[in-house]
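I opened this notebook to record what I looked up in one structure. The entries follow the order in which I consulted the coordinates.

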Amino acid sequence: MGWSPATSDKEQDQKDADPTDQLHRYKHSLISSLTSVMVTFPIYKTVFRQQLHSSGVRETVAQLNKEGPLKLYRGVAPPLLMKTLNGTLLFGLQGTLLQQLSRANSILPEMVLPALAGLGAGVVEALIFTPFERVQNILQNSGNDRSLPTLRSILVRLRSENLAHGFYRAFLPILARSALGSSLYFGLIKPVSSALREQGLPRVASSFFSGVIVSMVISLPPYPMSVLVANMQAKVGEEKLGLRASAQKLWRARQCSLILLYRGGSLVILRSISWGITSAIYDHLENRTN
């Protein structure tokens, strides 16, 4: 990450200028991201199935249990690769943009700059990682097991489609979600962690809980957008509805009920633990290096 909760601004400036420290930062981000994905992927998959089928927690867990442990981690490769690359790119690019904005800025308040840099990083994130999310959602949909049994078959099929219906299906909601989420994350993470440290929490604990809290803040309000993305991306070759038509179809399928639209949203709270795990592991590794 581009910022460590327990590091002062002056110390952070010195660390940012040291290539060795930057290399360690990327390595620690990679390790923490890998660990987080492997631990929390079953939760991600449970949430995805609820988003797709509007099923309850027990029904979804029973379905996954029936499919067996070998298929539980089907679809883990794209998020594993995506989150590893995402952590390196997102935090590294945000740090670069923040540095450039700080040098050029003479109007905006300094506290706004991290969120603004996060907005730019989120746009780049959406451009690069939408194809990964598309493949992941296809793999996690059990309805594709027979027609698209392998990663290779999925890639071949998506290549036959144009970008808007293939790899970049549902790009606009992903762009909005990524840009807004990244902006809020980088704008809130430092103040939240500082507030927790002021309450006497240890370094790793403040890092963990700040990651969990901020993740819930940026995940719960736009959750219906994630449901829309999951439903638009999970199938290939069926009716190619636009964004508005897909949203209307989803709203009707959920019986025009916000409660049904937010089905699976409760597990977002559990999923937020992955952000806490990533932050805590990363912070621990950084502390050992220093």
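I first fixed my criterion for a salt bridge: a side-chain nitrogen of Lys or Arg within 4 Å of a carboxyl oxygen of Asp or Glu. I note that the model is predicted, that local features need pLDDT of at least 70 and side-chain atom pairs pLDDT 80 or more, while totals for chains, interfaces and linings use all residues. Residues are numbered from 1 along each chain as its sequence is written, and side-chain values use heavy atoms, with hydrogens and water left out.

**Entry 1. Overall make-up**

I looked up the secondary structure and found 14 helices and 0 strands in the protein chain. I took helices (H or I, at least four residues) and strands (E, at least two) as DSSP runs, numbered from the N terminus. From the N terminus on, the elements read α-α-α-α-α-α-α-α-α-α-α-α-α-α.

I then turned to burial, calling a residue buried under 20% relative accessible area, exposed over 50%, and partly exposed in between (1.4 Å probe, protein chains only). Of the 290 residues in the protein chain, 45% are buried. The chain exposes about 14600 Å², and 64% of that comes from carbon and sulfur atoms. These areas come from the Shrake-Rupley method with a 1.4 Å probe; for residues, only the protein chains shown count as cover.

For contacts I required heavy atoms within 4.5 Å. Among the contacts in the protein chain with a separation of 6 or more, 77% are between residues 24 or more positions apart.

**Entry 2. Salt bridges**

Side chains of opposite charge can pair when their charged atoms come close. I asked how many salt bridges the structure holds. The count is 6.

I looked up E161 and R157, whose side chains meet in a salt bridge at 3.9 Å, N to O. E161 has a relative accessible area of 15% and is therefore buried. R157, at 34%, is partly exposed. I also recorded that salt bridges sharing partners join K71, R74 and D145 into one network.

Within that network I examined D145 and R74, which form a salt bridge at 3.1 Å, N to O. D145 sits in the loop between α6 (113–140) and α7 (151–159), and R74 in the loop between α4 (69–72) and α5, so the pair ties together parts 71 residues apart in sequence. Both D145 and R74 are buried.

I next checked R177 and E133, which meet in a salt bridge at 2.7 Å, N to O. This pair links distant parts of the chain, with R177 in helix α8 and E133 in helix α6, 44 residues apart. R177 counts as partly exposed because its relative accessibility is 22%, whereas E133 counts as buried at 14%.

**Entry 3. Helix α5 and its packing on α8**

I looked up how helix α5 (residues 77–104) packs with α8: the angle is about 65 degrees and the axes lie 12 Å apart. L90, F91 and Q94 of α5 make the contact with S182, Y185 and F186 of α8. The axes are lines fitted to C-alpha atoms, for helices over the stretch in contact, and angles run from 0 to 180 degrees between N-to-C directions.

In helix α5 I also looked up L81. L81 counts as partly exposed, since its relative accessibility is 44%. The C-alpha atoms of L81 and V37 are separated by 9.6 Å, although the two are 44 residues apart along the chain.

**Entry 4. Nonpolar surface patch**

Which residues form a nonpolar patch on the surface? I found L180, L184, L188, L201, F209, I213 and V217, with about 520 Å² of accessible area together. Patches are made of residues with over 30% relative accessible area and no salt bridge, like charges being joined within 9 Å and nonpolar side chains (Val, Leu, Ile, Met, Phe, Trp, Tyr) within 5 Å. α8 (171–198) and α9 (203–219) each supply at least two residues of the patch. V217 has its place in helix α9 and is partly exposed, with a relative accessible area of 41%.

**Entry 5. Positive phi values**

Most residues other than glycine have a negative phi. I therefore noted A170, a residue other than glycine whose phi is positive, near 70 degrees. A170 is found in the loop between α7 and α8 and counts as buried at 6% relative accessibility. Q255 likewise has a positive phi, near 60 degrees. Q255 is placed in the loop between α11 (243–253) and α12 (258–261) and is exposed, with a relative accessible area of 63%.
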